[in-house]
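Reader: I would like a close look at one part of this model, namely the open sheet and what lies against it. Please take me through it step by step, and then place it in the context of the chain.

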Amino acid sequence: MVSGAKIKAAVFIMAGLAAIGAVTGAVMAVVNPEEDVPVCGGHHEYWDKSVSQEIKSEDITYFSFNAMTRMAMLAIPEQGAESCPSYAVRMEKDDAGNVAVEARGGGESRHRDGTRFLVKYRVPDDGLPAALMQLVRKYNLSRDNGHVSHTDGLPSGDGETLSVRFASGESIYRNNNVFPLLERAASCAIYETFRSFAKKQGYDFTTEGSSEPVYDDPTPEMLQGVWIGKHFGRDCRAEFSGNRVRIWYDGELTDDTEYVIFEGSVKPNRLSSRSSPSDKYPEYDSFNAFVSISKKNDFTLVGHVYRNKSSSSVELLHQKN
């Protein structure tokens, strides 16, 4: 099915996909009543027999598919099978015929590779609903309509969710938080269909082609100035000036060095004894207080702290002048 990607949830969640969560929550209320205490690994299945597997309507008003699963990484792909990035897409058509589209995904590698994307746009009906209707028919997406399979203890948002609504009032809803819902070809077809229509609007499913800012490496320009935070009651402070950083931990100056930005992290500009500049991924010595600093969003850094033979993190907020 779709390959997984370890993505930081705080960065990649789209508010526009809240409708998926709302539907999922409604179904989970049936699967896991409040009086039941979920047991890690406990399995629940629910089949809504009130919905039909035979969809008569030809007019889609809403389509969403979340294929951000990590569990799919455990599946052995068929030989010669298609592949596409982990992704989530949403399309909604209003009464005036306008189509709102949101899509996110990418980042198959733990290294920054330019594949992360976040695309949002709204246009008059450009044919996307009709194209998605063809996929519903071609891949029989209404098969197993109303089936939910849920295993307790897995990360929220894992698995795959398909939700489709039609002008007739008919609907499709399927969810599985362990195994892929759709065959690989169907999932890739959905991805390529959304991507082809996004390209018509001047966007692409790449970091460079995104319509919205996405998680990326921190830049020297973004880092400049003072960043502070609290680590178990201790003051943490990082001051960036040009290509140098000074770090204080609990009032003690622990580093005053040049820095480099490597794989999304800020590191001291000193190679470790076991590495060289010619290495594909050279290693650098750690900061004394912060092992590294990585970007969380446009205004927060995360310091990765190693103290007393244990590691933890601290959020550092940019101080305005």
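**The open sheet and its surroundings**

Author: D144 is a sensible place to enter this predicted model, since D144 is partly exposed, with a relative accessible area of 28%, and sits in the loop that links α3 (128–138) to β6 (147–151). Although D144 is not a glycine, its phi is positive, at about 60°.

The strand that follows this loop, β6, belongs to an open sheet of eight strands, whose order is β1-β6-β8-β7-β2-β3-β4-β5 and whose pairing is mixed. The edges of the sheet are formed by β1 (43–47) and β5 (117–124), and because each of these has a single partner strand, one side of each is left without a neighbour in the sheet. Averaged over the sheet and with direction ignored, neighbouring strands are turned by 10° against each other.

Within this order, the pair β2 and β3 can be followed in detail: strand β2 (residues 60–67) and strand β3 (residues 87–93) run antiparallel and are joined by six bridges. If you wish to find this pairing in the structure, look for F63, whose bridge partner in β3 is M91.

The same two strands also meet helices. The helix α3, which precedes the loop of D144, lies across β2, β3, β4 (98–105), β7 (160–166) and β8 (171–176), and runs at about 65° to β2. Helix α4 (residues 184–200), for its part, lies across β2, β3, β4 and β5, running at about 60° to β3. The edge strand β5 is thus among the strands that α4 lies across.

Another loop deserves a look for its backbone, namely the one between β9 (225–231) and β10 (234–241), where F232 is found. F232 is not a glycine, yet its phi is positive, near 50°. With a relative accessible area of 69%, F232 is exposed, whereas D144 is partly exposed.

As for the context you asked about, the chain has five helices and 16 strands, and 46% of its 321 residues count as buried. Among the contacts between residues at least 6 apart in sequence, 62% join residues that are at least 24 apart. The chain exposes about 16,600 Å², of which carbon and sulfur atoms supply 50%.

Key: Residues are numbered from 1 along each chain as its sequence is written. This is a predicted model: local features need pLDDT of at least 70, side-chain atom pairs count only at pLDDT 80 or more; totals for chains, interfaces and linings use all residues. Side-chain values use heavy atoms; hydrogens and water are left out. Helices (H or I, at least four residues) and strands (E, at least two) are DSSP runs, numbered from the N terminus. Buried means under 20% relative accessible area, exposed over 50%, partly exposed in between (1.4 Å probe, protein chains only). Two strands pair if DSSP finds at least two bridges between them. Axes are lines fitted to C-alpha atoms, for helices over the stretch in contact, and angles run from 0 to 180 degrees between N-to-C directions. Contact means heavy atoms within 4.5 Å. Accessible areas come from the Shrake-Rupley method with a 1.4 Å probe; for residues, only the protein chains shown count as cover.
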